Structures are given as C-alpha cells and as structure tokens.
Amino acid sequence: MRYKTKLIIEEVHKVSKNDLIAKISKQAKIARQAILHMTTLSGSGHPGGSMSSIDIMLSIYNTMRHNPDFPDWEERDKMVASIGHISPAVYSSLGIMGYFPLEEAIAHFRQYGSIFEGHIEREVPGVEWSSGNLGQGLSAAAGFAIASKLKHLGSRVYVIMGDGEQQKGQLSEARRFAAKFNLDNLIAVIDYNQLQISGSIHEVMPQNIRKSWEADGWQVMEVNGHDIPLILHTLEEAREATKPVMILAHTIMGKGVSFMENKAKYHGSTLSKEQCSEALAELEMPNELENYQSMRDAFKPKAHSPKVDFHPALALKPGKPMLYASESDCRGAWGNALADLGKINEGSPNPIVVVDCDLASSVKTSDFRDALPKYFLQSGIMEHHAAVMSGAISTMGIQCFWSDFGVFGIDETYNMQRLNDINHTNLKTVVTHVGIDVGADGKTHQCIDYISLTRNLFDTKIICPADANQTDRVIRWLIDKPGNYFVTMGRSKLPILKNQEGEIFYGTDYCFEYGKADVLRIGDRATVFVTGTLTARATKAVDALREEGLFIELIAVSCPLEIPAELITEAARKGPIFSVEDHSIHGGLGTTITEAIVNAGVKAKLIRCGAESYPVSGESEELFQAFGLDCASLKKRFKAALS
Ligand SMILES: Cc1ncc(C[n+]2csc(CCOP(=O)(O)OP(=O)(O)O)c2C)c(N)n1
C-alpha cells in the first residue's frame, strides 16, 4: 500500500477547489488511521496533538511549493514543526505526500534502527528541522524566511506550534525579530486545542496568545482548524499578507475519535490494541495492526545514510592574509578579517551573514555592518533566538557568523547550540571575551567553560587562536568550511608570537590546519601545551627558563579538543607535562591531555594550570597572577616541576 501524492503548487492550481478539499479530507482520514496505528504499535508517542493538527498540516502540505521527488529543491517552501512530539502527524503527512512509503513510518515508528524517531529529525526526507525542545521552531522558521529573502528564493516558511508551547519565552524573541524584519513570507500556525500535559492551558499558565502576537506586530487570523475549506481560504489570505501572519487554529485534541476528544490524557498516552480497533471503527478505516506488527517484528536495524547533503560546499574566497607585527587583540583581527571577507565575497551565491546581539562594537563586527548592512542582522538581546535562527540560516548555503561574548554565545545558549549540532547546521559562532582575561566584568562574564561545553557536542569543533595573526588565518580558513565551529578569543591585546629566531610565527605563509598543533619552542626537560590567550605568557615563561639553561618544549594547541597522539608520547618521554589555559582546569585542554595520555597508554605527570574556581573582578594581569597564570608564576611552576 503506497500513498504517493505528488502535489506541488502548480498542480494544485490545476485541480478544482472541491477536488482539493475532497482529497485533503480523504488524506486526513488516512493520516488519522496512520497516527493511531503507529502510536499503538510502538506503545508510545503523542496521538492527541497529532490528531488536532493534522487537518491544518495536510492543508499546508497540499498547497505549499514543494516536490517530494526533489526534497532538496532550493526554492521550496519549508514547513517547520516546532512541536517535534507530533511526529506521527508529520510522518503521516510526509508519507502521504510521497516523501517515503507511509507504511514504513507506521511500522517502524520509534523502533530502534529506523529513521522515524520519537521526535522529528532532519534525517527523515521532508523534515526541515529536528525539534523536540519546545519554543525553538519559530526562530528556525524565521531563519529560513530571512535566508530565503537574502537569497531571493521567493519561498515561504510555515511553522506549526502548540498552544502550551506559547509559554516559552524564546517565542517572544522570535516574534519581535520576524516583525522587525517584516518577514511576510512567514506563516505561523498555533494548534489551539487548549490542552497541554497537565491539563487546560488556561490553568497551567494563563496568557493571551492573540494579544501577545498582535502586540509584537503580527497579523493574527483565526480559523476552525478542522474545517478544511476554511483553512485553505485562511492560508490563501495569509499568503497575501504584507506582514508575518499567525493563524490561531481552534482545534480539538484527539479529533476524530469521540472517546479521545478534548482529553489531555491523549497528549502523550497511546491506545491499547482493543481501543485502537474501536477508534479505527469509528473512523471507518480498516484495522491493519496485525500486518504492521509483522513488518515491525521482521525489521532489521540498519545504518541509514542521510537523504541530503547537510554540509554543501560554499563558494567563498579567503582573500589575502593580514599581517600584525605589534601587539594586537584577536577580536580586532577577527573583525578586520570579517569585513575584508564580506567585501571581497559580495555578490557570491553563498552570502556571508553576520548576526549580532547588541555587542557589535565589543565583538568587532561593526566594520562588516557598515560595509554590508543588508547582511548584518541586529537581533537585540535575544541570544536564544539568535542561536537557533543563525543555525537555520547556516543550512541554506549561507556562511553565517554569530558573534557574541563567550558566556552568551556558548553558556547562555548551550541547549540551542546542542540542537544546532543535532540539526547538522553549519554555524560559525565567534565568541570574544572568554576566560579570566575579561577581567573587570567579574565572574558572570568570565566564560571559563567554553572548551568543556563544546566537548559534549559530537559535531561541533572549537578553535582557540593564540594571537592576531593566527586569528586572521583561522577566519580565512573557515570561510568556505561547512559544519559547526566555535572560535574563541579573549578581550586584551596580546603580543605577536615569534619563533626561536625572533621571526613572526604565524606569518603570511602560515596556513591553518584543523587539529594541527604548533611547536613554538624545542626542549627536552618538559612539555607545555598551551591554548589561546595564555600562549604569549607561556612563551615568555619558557623563554626566561631557556636563559637559565632549562629547555622546555612549548606547543601551541589551537584546537584544544584534538592533540596528536605522537606529541603526547613524545612529551611523556621527556618529563612532566603542563596544560596552560585561560579556562577551568576541568574539561578543557587539561582534560584532552589526560584522555590522550590514557589513550596512548603512557605514564606521565600532568600539571594543570588554569582557573580552579570562579574568578573575580580585577585587571586581567592581576587575576592571572592570582591564579598562577601570569608569566612569573608560570615560570615558577614550570621550574618547580623540573627540580
Ligand atoms: C523546552 C521543553 N520543555 C518541556 C517539554 C516537555 N513537553 C513536551 S510536550 C509538552 C506540552 C506541550 O503542550 P502543547 O504545546 O499544548 O502541545 P499539545 O499538548 O497540544 O500536543 C511538554 C511540556 C519539552 N518538550 N520541551
């Protein structure tokens, strides 16, 4: 049994309105049958919201611009289901549309080894955004919508949300952004079934949904979310609107099965096989549980390859390196490189977009803003929205840089970055003001866990450049790279690193290579591994010991999650090993070295130099002294270990 319906907008206009209504009504029955089958078979899932939203969802899929035979067609409209738990509705709709055989989704819903996970994932053809953490979908949809405008794709974005979900604060951030940028290609629909897990939305957390959206500048329409002709008419009106539209769709949880209707219990409870049988009889749809059970039992878990290339190449030029000869800040070098890259790549099919959260002058993105204002998205103090929106933008052939302070770009938005990681985005998060180096702002602003948090993300890499020259090369290297990267830097000016001969180490012929560590000084008594801001201080300390005839190997690690195994083996042979970082001693470079020592099976003494508690306010040099990380303290610590 296959339900292959290939409707794209051109075809929609060929069928009469009545035929379309009849078609969607029939599909809705098939979808309700599928929702009940799959949730009962798996014994888990969310049938209630799936059945309340299915009429709207199918009405959208039947009238939006897409082609299931070409899921990656760049100019397609996109549908985001912010409520990832209504996966049964999404899988049913996509199966009916022809993205994959519907029976596979029914039989293998939530089964180990199938792509049809409990909450929707981008691995499933037709799913545009993996969701499940409520409140993030509107930000992703806004990202898709603004990217469509910047790339002149002429496509629309639809997003379906829950009414309980409206309690999330990030939604107000996303609403304001969409209104500010007048995203008239964005249509949001709220499945207003007035129930959530704990009961009535009005009792759990009263709010005036309509007024909130209107107050933020959206046009609001209301519709009976089960009246297909009315839904189609409302969608037509929404497409004509000149500002973002929210459709408040009045629905019934569990719609279609009398004993499920308006019962909060069915938000996340499934039917027994007997109840399912009863429900299918009421829907006048055949009971095929046994057939699907056989398919499920016969399933062999298999590794699945993604249907899309999540990381397409970007045609962007790296330009020419800028050389810094005297003390400079890495953030200044980042800002200069960004502005240069923006200018030399202007007009590229892969635009460079920069997202800011009211910190452009500190994170040094103002030159880019002044040169390319259209591609500079001022997102206000709305970091949760900015993180998700930037992730979504980065999936659309745009090189998106989001720049912020470390505590906001990584710590504040860790969950959003995690969801970006799960979504295989290509975001470049460039954070400044990391570490104790922030100084006077105090502990709320001293981000000392940027490496440890990144460590948890399986597909996000981190680069911590050591001086302005390396920062410039890293940013230029990154310009055509897909994937998620964090680039971190402190606040202060740093000396330019030199080699043993006194020449600039990261000169114009230096090419950054991810994962490669750089030997700055050769030595035989011990090895210092240093990352980021403290590299110059560690170098000075090692040089002072060289004057005394003590030769310590000094290795600059720009990618603190990667240490080449041979460097560790070699270091263990020489003597004590030091990790030096403007970061907590937990989870950072010291942890990478510990793991590398264990993995290499060597024995070594490791002395971790970093923050051992939250720092306090002060001049950064004063604070480095307090934590034993200034040049004199480092020298003392290195020397003590040698004796
Ligand atoms: C950020 C977040 N908090 C909590 C949850 C757990 N959760 C899943 S669904 C849900 C209720 C959603 O209610 P509503 O938006 O009305 O959806 P419906 O009940 O109509 O399906 C909650 C609290 C979650 N998925 N994400």
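Student: In what order do the five strands of the open sheet stand?
Tutor: Quick heads-up: this is a predicted model, where local features need pLDDT of at least 70, side-chain atom pairs count only at pLDDT 80 or more, and totals for chains, interfaces and linings use all residues. Residues are numbered from 1 along each chain as its sequence is written, and side-chain values use heavy atoms, leaving out hydrogens and water. Strands here are DSSP E runs of at least two residues, helices are H or I runs of at least four, both numbered from the N terminus, and two strands pair if DSSP finds at least two bridges between them. The pairing is mixed, and the order is β16-β18-β17-β19-β20.

Student: Which strands stand at the edges?
Tutor: Look for strands with a single partner, since one side of each is then left without a neighbour in the sheet. Those are β16 (518-521) and β20 (606-611).

Student: In β18, which residue is the bridge partner of Ala-526?
Tutor: β17 (526-530) and β18 (552-556) pair in the parallel sense over five bridges. In β18, the partner of Ala-526 is Ile-552.

Student: Why are the buried residues of α12 on the same side?
Tutor: In α12 (289-298), Leu-289, Tyr-292, Gln-293 and Arg-296 are buried, that is, under 20% relative accessible area (exposed is over 50%, partly exposed in between; 1.4 Å probe, protein chains only). The arc uses directions from the helix axis to the C-beta atoms. They sit on the same side because their arc around the axis is only 105°.

Student: Which residues are exposed on the other side of α12?
Tutor: The buried side packs against α2, α5 and α11, with contact meaning heavy atoms within 4.5 Å. Over on the other side, the exposed ones are Glu-290, Asn-291 and Ala-298.
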